[in-house]
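Me: I'm new to this structure and would like a close look at one part of it. Could you walk me through it slowly?

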Amino acid sequence: MTDYNFIGKRIPRVDGLAKATGKATYTVDVKLPGMLYGKILRSPYPHARLLKIDTTAAQQLPGVRAVITGEDVRQVRYAFVDTPRYPADEQPLAVDKVRYIGDEVAAVAAESEAIAEKALSLIKVEYEILPPVFHPEEAMQEGAPVIHDEQFEGTSFWEEWGVTEQKKAVKQNSAVNNLSGHTLISFGDIEQAFRESDYCREDRFELKATAHCQMEPHAAVASYDPLAGKLHVWLSTMGIFLKRYFLSRALNMPASKIRVHHTFVGGAFGGKIDLFPYEFCAAYLSMKTGRPVKIELDREEVFMTTRQRHPIIVKIKTGVKKDGTILAQDIKVIADNGGYRGSGPVVIFLCHGFSFPVYNVPNYRYEGFSIYTNNGIRGPQRGHGAPQIRFAIDSQLDLIARDLGLDLLEIMRKNVRKKGDVLPNGDQLNSCGLTECLLGAAEAINWQKKRKQFRTMENAGRYRRGVGISLCSMFSGAMYYPFASAAVVKLHDDGSATLFTGAQDIGQGSYTTLSQILAEELGIGIEDVHVVAGDTELCPIDLGSFLSCTALVTGNAVKKAAADAKRQLLESAAELLGVEDLTRLKAQQKTIFLEDNPEKTLSFSQAIQASVLKRNGNPIIGHGSYKGYPRAERYPSLAKGKGLFTGAYGFAAQAAEVEVDTFTGKVKLLKVVTFHDCGYPLNKTIVEGQIHGCTSMGAGQALSEEVYLEKGQLFNPSFLSYRLPISLDTPESIEGIVATIEPSGPFGAKEVGEGCVAGILGAIANAVHDAVGVRIYSLPITPEKVLRALGRI
Amino acid sequence: MKKKIRLIVNGEEKVLTIDVQQTLLEVLREDLGLTGTKKGCNQGECGACTVLLEGKPVSSCSLLAVKADGKAVTTIEGLAKGGQLHPIQQAFNEKGAIQCGFCSPGMILVTKSLLEQNPNPTTAEIKEAIAGNICRCTGYVQIIEAIRSLVP
Ligand code: FES
Ligand code: FES
């Protein structure tokens, strides 16, 4: 393992210098000649019917170039989820109703932002206010206001990919009001297993909506070229091909007539994958005015109108044997997806998919509901369901351990899945370091010494400390549009190479890790790799930087493309060197040599020249591709959880030590530990960086972060009032990398950077319980909740 | 209302006619094309727009450009000299302190001012110095390490 030249090394980021010097161009930095500025008028009401919009005065304002409303785009529908079962329910501008505060009503393009802003104030809208509903459990009741009553028609996104046969089978479960998605999965016999259990426990947990807080606000620049009929867009996004597909459907244009250009992305965390109305409007306004149009959201709009993490209610009943072996689990999840479906049906599926690989639960029933309310829209956010469900399950397991007088660590150890296990859906765990992660994290947090559970409260002073632990898992890619990633490696005369990849570096370091894979496989230096990425015109398809697929899926595509280039290079070299057997040849540092006679060498340049001049003119271009999950034909069923999910699961164990101030209720995070099974670390600095980012976000969401909504109104749409972690909150951090070598991964690599946002929530909640002996069932764990639980207020 | 102002930006004198309502951030980004200075919130809460005014860090989104009239402004573009990176830029890149990079210009400038005033900061002082600069990607760990690596 250790004889790699680049893999596993702490190679500095290849895009680091551009970013350190301010030269990296983000979407917000794009400025085109003649560019107009767009602004969006939004609904001040959570639920209302649109009666009339008068844009006359706005149209007449000098400097205004276009004003559009729902009338202009009546037919347009799109959505993150667009299947025969769940047809697209979003429109770029409201047509009949508005469904949350911030819903888009009209858009303006003008010569300056100030004029556009002024124009918005001149648009007159008449609304008929409708009764709203904000809590999902109320929205589910009979008689609750119905948020979506429109009829959907047309072909869904997935039908274009051959799922029309499912259409007949589709019927919405109408027993529940405002239902936007439903998942039901079961195996074994839970009733029987509960009867056989020595101990059962039922609990209810709740998590609030949280914000991504990408530092770069959402923005789009669109420029339509009417002569070529081509639309050029610059988007702050995580998946250029998915965005292009969404846009092509929404604008009813062939995908090839849209070009997404590369920009650096100032953070995404799941929140820049949906198609947003501002993106559609920028494109539409550019087509209408014939000028480039830029729309940049302000921070308040980002908080209110892009996406949030789903607030979720989890009810769990678990049955165990005396020794803590889990026999049965019955889980019910209710996710509030806000005024539109967002990723509702996906998150309720993933609460299952991202969690069931952790423990072996032989008898299991899982039911998820995603529900419309008049809150802001919820979509994917780092971990997408994993933080919520892992918090609930491991909080309850800690309670069970306490009830039975057992050590949580032992219970976890008894129940975790192992390498070689086959999951109920057929996914195989060909690498699984859960046990090693668990033991590593426990040791690093000093579990035996610090865990207070079994000691009397010797520390009864004002400040009390405790430790907790939790586990998590995550996919490494999945079958989602465009279902595969491909890569092209083009060699240059001087022996260096350009990598063409559709993957986008959103900060996770993919340009660097992919360069390492290329350099290692081909036998060149890191400085010899040039990256052309994130451009739909120049680059082959890619799944995008979500579902944690870049390392494994794109990584494999790059490795194959590099191997393909290398094979061609060696074939040319073999002819020159008079060698028949290619396996005798080795390539390193842009030089080819005979393994058994290292004196005999040839430079890459010579081999390339020979390939062009003496062979068939081939300048050597390597191709590679890899399916989202080679064993699966298509995506799994969200409703039934049937089908294969992912080729490899990343795992982590996370532990926390906290200090609780019993006077103020404030919880201080002293230390966090993450032991991550990422298969094999392509770049240790990057892996550790991903772990830090995850734990910081998870800790924020455990202790302070909450999108605070009252009657659909957002009360804290700014960084300070939202309270995400700042430097002063940084705890001591220990990370361990458990290298299990995933057989299907490039150089053994799999997921890192998403799963371990999830375990930290349960670890902190369990540590708080350990410190002060009370359980907090809802996140964030605010001082008020702690004091209440302690009976102090 | 328009006004003429003079700024010394990264050592170069710039005379500009600007609207008196423009922030320093707008002037840097829009009028001078120095887009290395970022707008994360425009509310004075994130530090992405940090520049050095007479060597001291300020949030340029919360400062009217007319207030900087006659003063020296250092932006991230002014740090690397003659193709040579500043040691802080080098350290940030080597230690993994840069992920998406959107907070990096501000972070690097704040670090410069910190180390000029206090070449030997403790970890607590480092955390204090960057407390006004939000980074969502790194959890601050590698940023703090990068700054510590510059302390002799
Ligand atoms: S943009 Fe100035 S502080 Fe955020
Ligand atoms: S590196 Fe992305 S916000 Fe700091």
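How many helices and how many strands does chain A have? Once that's settled, please stay with chain A and tell me how it is built, with a glance at chain B for context.

Reply: Happy to. Keep in mind that this is a predicted model. To your count: chain A has 20 helices and 31 strands. Its radius of gyration comes out at 27 Å, close to the 28 Å that the globule rule gives for 793 residues, so chain A is as compact as a globular protein of that length. If you lay a box along the principal axes, the C-alpha atoms of chain A fill roughly 85 × 70 × 55 Å.

Now for how chain A is divided up. Domain 1 is pieced together from 27–132, 225–268 and 272–293. Domain 2 takes in 308–478 and 634–789, while domain 3 covers 484–627. Going by those numbers, domain 3 sits in the sequence between the two pieces of domain 2. How do domains 1 and 3 of chain A relate in space? Their C-alpha centres lie 40 Å apart. They do touch, though: the contact takes 20 residues from domain 1 of chain A and 18 residues from domain 3 of chain A.

What about inside and outside? Of the 793 residues in chain A, 67% count as buried. Look at the contacts in chain A with a separation of 6 or more, and you'll find that residues 24 or more positions apart account for 81% of them. On the outside, chain A exposes about 27000 Å², and carbon and sulfur atoms supply 50% of that area. As for charge, chain A carries 89 positive and 90 negative side chains, with the centres of the two sets 2 Å apart.

And here's the glance at chain B. Chain B has five helices and five strands, and from the N terminus on they run β-β-α-β-β-β-α-α-α-α. Chain B has a radius of gyration of 15 Å, which agrees with the value near 15 Å for a compact globule of 152 residues. Its C-alpha trace spans about 45 × 30 × 25 Å along the principal axes. Buried residues make up 56% of chain B. Among the contacts in chain B with a separation of 6 or more, 54% are between residues 24 or more positions apart. Chain B exposes about 6100 Å², with 48% supplied by carbon and sulfur atoms. Finally, the 17 positive and 15 negative charges of chain B have mean positions 1 Å apart.

Terms used:
Residues are numbered from 1 along each chain as its sequence is written. Chains are lettered from A and ligands numbered from 1 in the order in which they are written. This is a predicted model: local features need pLDDT of at least 70, side-chain atom pairs count only at pLDDT 80 or more; totals for chains, interfaces and linings use all residues. Side-chain values use heavy atoms; hydrogens and water are left out. Helices (H or I, at least four residues) and strands (E, at least two) are DSSP runs, numbered from the N terminus. The radius of gyration is taken over C-alpha atoms; the globule rule is 2.2 Å times the number of residues to the power 0.38. Buried means under 20% relative accessible area, exposed over 50%, partly exposed in between (1.4 Å probe, protein chains only). Contact means heavy atoms within 4.5 Å. Accessible areas come from the Shrake-Rupley method with a 1.4 Å probe; for residues, only the protein chains shown count as cover. Lys and Arg count as positive and Asp and Glu as negative; His and the chain ends are not counted. The place of a charge is taken as NZ of Lys, CZ of Arg, CG of Asp or CD of Glu. Domain bounds come from an automatic or database domain assignment.
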